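Please open the model in a viewer and keep the sequence panel visible. The tour below proceeds by selection, with a description of what is found at each stop.

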Amino acid sequence: FQAEDGIRDIGVTGVQTCALPIYLVEAAIRQVGVRLEGQDFAECLAHPRTIRRVNFMAALLAVSFLLFAITSDAATNALVRFTKPWSDVDRYTFAQLKSVSSPMVVAKGETINFQLEFDPMSRWRPDSAQLKVASAVRYSASETGGLFQFELPGQIDKTTLDYSVGDYHNQIVIEPVARPEMKSLVAAVELPTYLQRKGKESFEVRGGTLSILEGSRLSLSAEMSRDLISAEFNTGKVEPDGNKLELPEIHVLEDNEIRLDWVDRFGLAAENPLRLQLEAIEDQLPTLVCENLPLRKVLLTNEVLAFEV
């Protein structure tokens, strides 16, 4: 519209079509206003969802930041696992236990004493734990001093063990093996110097008693069925060499007892540790022993009597 001298020119595509007085235009506008009074033009407009979506996202972000602040460790763990789905990051749990090695080696056929212990950083400490052997037999235990104690039947074959405490779940493998045994025990004896015998006499020890000449020096060498990590001889420690043990030399002056305990590389101790009675015998006069010599025998003059002394 272009106002000029009280007249409004209405132009369409640059062509002047009519000229109306101002009061007619005002009357037309008032008439339109009366007809449209009470009408809501907002109903004819498209309802934008942007604001609602923005509000929803703002609320979601607020809740996310609140949860992140309250459980920062869990949120960080979830974020890392989300961004690195193929990594070996463990799932975060509020109940945390000290790790249990897998496979767990136990004595074959013997009762298994299995225990779980809370990690000092655990934020949740449930009062009960559940356990399954071979995904079949179920056991439960109550918490005592931060520990869960299980007494499980002995196993013969390799099997799995599943346990859970609160939101913590894990599985380990149980591998039964035989306890380490002594395969052989060899004694090397150095006789007293007055006998003027050079070198050592070696023989394999059999039985629970060993008689040695008083004043001799005794060395023992043991071979086990499996590599060892530790051994204890009488009251001292012995450093193993694989599955072999060289025990300290003993100066035999009186009767004594030899005690030997050992632990293999799986942490299993011997079922029957060595207990050997050492007997110190006094030297005696030499004796004469004749073999194959009868007390009475008849011979011809041309025959020969053979015997050993």
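**First stop: a loop arginine**

Select Arg206, which lies in the loop between strand E12 (201-204) and strand E13 (209-213). The model on display is predicted. With a relative accessible area of 66%, Arg206 is exposed, because the cut-off for that class is over 50%.

Add Glu204 to the selection. The side chains of Arg206 and Glu204 are joined by a polar contact of 3.5 Å. The two residues also form a salt bridge, with 3.5 Å between the closest N and O atoms. Glu204 has 39% relative accessibility and is therefore classed as partly exposed.

Next, select Ser184 and display the C-alpha atoms. Arg206 and Ser184 stand 22 residues apart in sequence, and their C-alpha atoms are 8.8 Å apart in space.

**Second stop: salt bridges between strands**

Side chains of opposite charge can pair when their charged atoms come close. In this model the count of salt bridges comes to 11. Two further examples deserve inspection.

Select Lys183 and Glu223. Their side chains meet in a salt bridge with an N to O distance of 3.8 Å. This pair links distant parts of the chain: Lys183 belongs to strand E11 (residues 182-190) and Glu223 to strand E14 (residues 217-224), 40 residues apart. Are these two residues buried or exposed? Lys183, at 54% relative accessibility, counts as exposed, whereas Glu223, at 26%, is partly exposed.

Now move to Arg275 and Asp261. The closest N and O atoms of this salt bridge are 3.5 Å apart. Here too, distant parts of the chain are linked: Arg275 is in strand E20 (residues 274-281) and Asp261 is in strand E19 (residues 256-264), with the two positions 14 residues apart in numbering. Arg275 is partly exposed at 40% relative accessible area, and Asp261 is partly exposed at 30%.

Which residues are joined into one network by salt bridges that share partners? They are Lys183, Glu223 and Lys244; select Lys244 together with the earlier pair to view the network.

**Third stop: the largest pocket**

Rolling a probe the size of a water molecule over the atoms shows where empty space is left. The largest pocket in this model has a volume of about 260 Å³. To display its lining, select Val189, Leu191, Leu195, Arg197, Glu201, Phe203, Ser211, Ile212, Leu213, Ile281 and Asp283. The elements that contribute two or more residues to this lining are E12 and E13. Which element supplies the largest share of the lining? That element is E13, with three residues.

**Final stop: a five-stranded sheet**

Strands of a sheet pair through backbone hydrogen bonds, either parallel or antiparallel. Switch to a cartoon display and locate the open sheet of five strands, whose order is E4-E10-E9-E6-E7 and whose pairing is mixed. Its edge strands are E4 (104-107) and E7 (137-142), each of which pairs on one side only. From one strand to the next, the twist averages 30 degrees.

Finally, select E4 together with strand E10 (residues 168-177). These strands pair in the parallel sense over four bridges. Within this pairing, Val177 of E10 is the bridge partner of Ala107.

Technical notes:
Residues numbered from 1 in each chain as written. Predicted model: local features only at pLDDT ≥ 70, side-chain atom pairs only at ≥ 80, totals over all residues. Heavy atoms only, no water. Pairing = 2+ DSSP bridges. Axes fitted to C-alpha atoms, helices over the stretch in contact; angles between N-to-C directions. Salt bridge = Lys/Arg side-chain N within 4 Å of Asp/Glu carboxyl O. Buried < 20%, exposed > 50% of the residue type's maximum accessible area, 1.4 Å probe, protein only. Polar contact = N/O pair within 3.5 Å; in protein donor to acceptor, adjacent residues only side chain to side chain. 1 Å grid on protein atoms, 1.4 Å probe; cavity = no way out; pocket = protein on both sides within 12 Å on 5 of 7 lines; lining within 4 Å. Points joined across faces, edges and corners; volume = space filled by probe spheres on them.
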